[in-house]
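Subject: A structure to look through

Dear colleague,

Here is the structure I promised to hand over, with the sequence beside it. Please keep it open while you read, since the notes below go through it piece by piece.

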Amino acid sequence: MDLSKARSLSPSELKILKCLAEGVSNKVIALQHCLAEATVKIHVKNILRKLSAQNRTQAAIWARENGVRHA
């Protein structure tokens with residue numbers, strides 16, 4: 001696992017990244033975690049920036065390649 005990038009993620013961002021790795025939509029993530037969809041979008045934007053990913057698919061691939069799994 002790329003620990004420097006993984007450590008830069010907040011617990012909330014890591015939780016959302018696990019959902020992205022499972023292919024869950026922002027709307028469903030918001031419902032599952034009692035968040036506003038806008039909050040999920042902000043977390044996704046921060047995840048993309050921290051992982052240097054261009055889109056949520058790249059972030060999901062990074063998560064799977066680096067052992068981030070839905071718990």
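S8 sits in helix α1, which covers residues 3–8, and please bear in mind from here on that the model is a predicted one. With a relative accessibility of 30%, S8 counts as partly exposed, because that value falls between the 20% under which a residue is called buried and the 50% over which a residue is called exposed. When residues up to four places away in sequence are not counted, S8 touches E13 and K50. S8 can also be placed relative to N46: the two are 38 residues apart in sequence, while their C-alpha atoms are 10 Å apart in space.

One of the partners of S8 deserves a closer look, namely E13, which belongs to helix α2. Is E13 buried or exposed? Its relative accessible area is 4%, so E13 is buried. If its neighbours within four places in sequence are left aside, E13 is in contact with S8, H43, N46, I47 and K50.

E13 has company in this respect, as the buried residues of α2 are E13, I16, L17, C19, L20 and A21. Just after that helix comes G23, whose phi is positive at about 85°.

L17 leads on to the interior of the protein. In soluble globular proteins, nonpolar side chains tend to be buried together. In this model the largest nonpolar core has 20 residues, and those with the most contacts inside it are L17, L51 and A59. At least two residues of this core come from each of α2 (11–21), α3 (26–32), α4 (37–51) and α5 (56–65). To see how L17 is surrounded, select L9, I47, L51, A59, W62, A63 and V68, which are the residues that L17 touches once those up to four places away in sequence are not counted.

Two of the loops hold a residue with an unusual label for you to check, so I describe them together. Which residue in the loop between α3 and α4 has a positive phi? The residue is C34, which lies in that loop and has a phi of about 55° although C34 is not a glycine. C34 counts as exposed, as its relative accessibility is 75%. In the loop between α4 and α5 you will find S52, another residue other than glycine with a positive phi, here near 55°. S52 is exposed as well, with a relative accessible area of 56%. The C-alpha atoms of S52 and R69, which are 17 residues apart along the chain, are separated by 19 Å.

Helix α4 also contains E37, which is partly exposed with a relative accessible area of 32%. Leaving aside neighbours within four places in sequence, E37 is in contact with N26, K27 and A30. The C-alpha atoms of E37 and S25, twelve residues apart along the chain, are separated by 9.9 Å.

Now for the protein taken as a whole. How many helices and strands does the protein have? There are five helices and zero strands, and reading along the sequence gives the pattern α-α-α-α-α. The radius of gyration is 11 Å, close to the 11 Å that the globule rule gives for 71 residues, so the protein is as compact as a globular protein of that length. Along the principal axes, the C-alpha atoms fill a box of roughly 30 × 20 × 20 Å.

Buried residues account for 35% of the 71 residues. Of the contacts between residues at least 6 apart in sequence, 65% join residues that are at least 24 apart. The accessible surface comes to about 4400 Å², and 54% of that surface belongs to carbon and sulfur atoms. As for charge, there are 12 positive and 5 negative side chains, with the centres of the two sets lying 4 Å apart.

If you would like a route through the model, you could begin with S8 and its contacts to E13 and K50, go on to L17 as one of the core residues with the most contacts, and end with C34 in its loop between α3 and α4.

With best wishes

Terms used
Residues numbered from 1 in each chain as written. Predicted model: local features only at pLDDT ≥ 70, side-chain atom pairs only at ≥ 80, totals over all residues. Heavy atoms only, no water. Core = buried A, V, L, I, M, F, W, Y, C linked by side-chain atoms within 4.5 Å. Buried < 20%, exposed > 50% of the residue type's maximum accessible area, 1.4 Å probe, protein only. Helix = DSSP H or I, 4+ residues; strand = E, 2+ residues; numbered from the N terminus. Contact = heavy atoms within 4.5 Å. Rg over C-alpha atoms; globule rule 2.2 N^0.38 Å. Areas by Shrake-Rupley, 256 points an atom, 1.4 Å probe, with all protein chains shown as cover. Lys, Arg positive; Asp, Glu negative; His and termini not counted. Charge placed at Lys NZ, Arg CZ, Asp CG, Glu CD.
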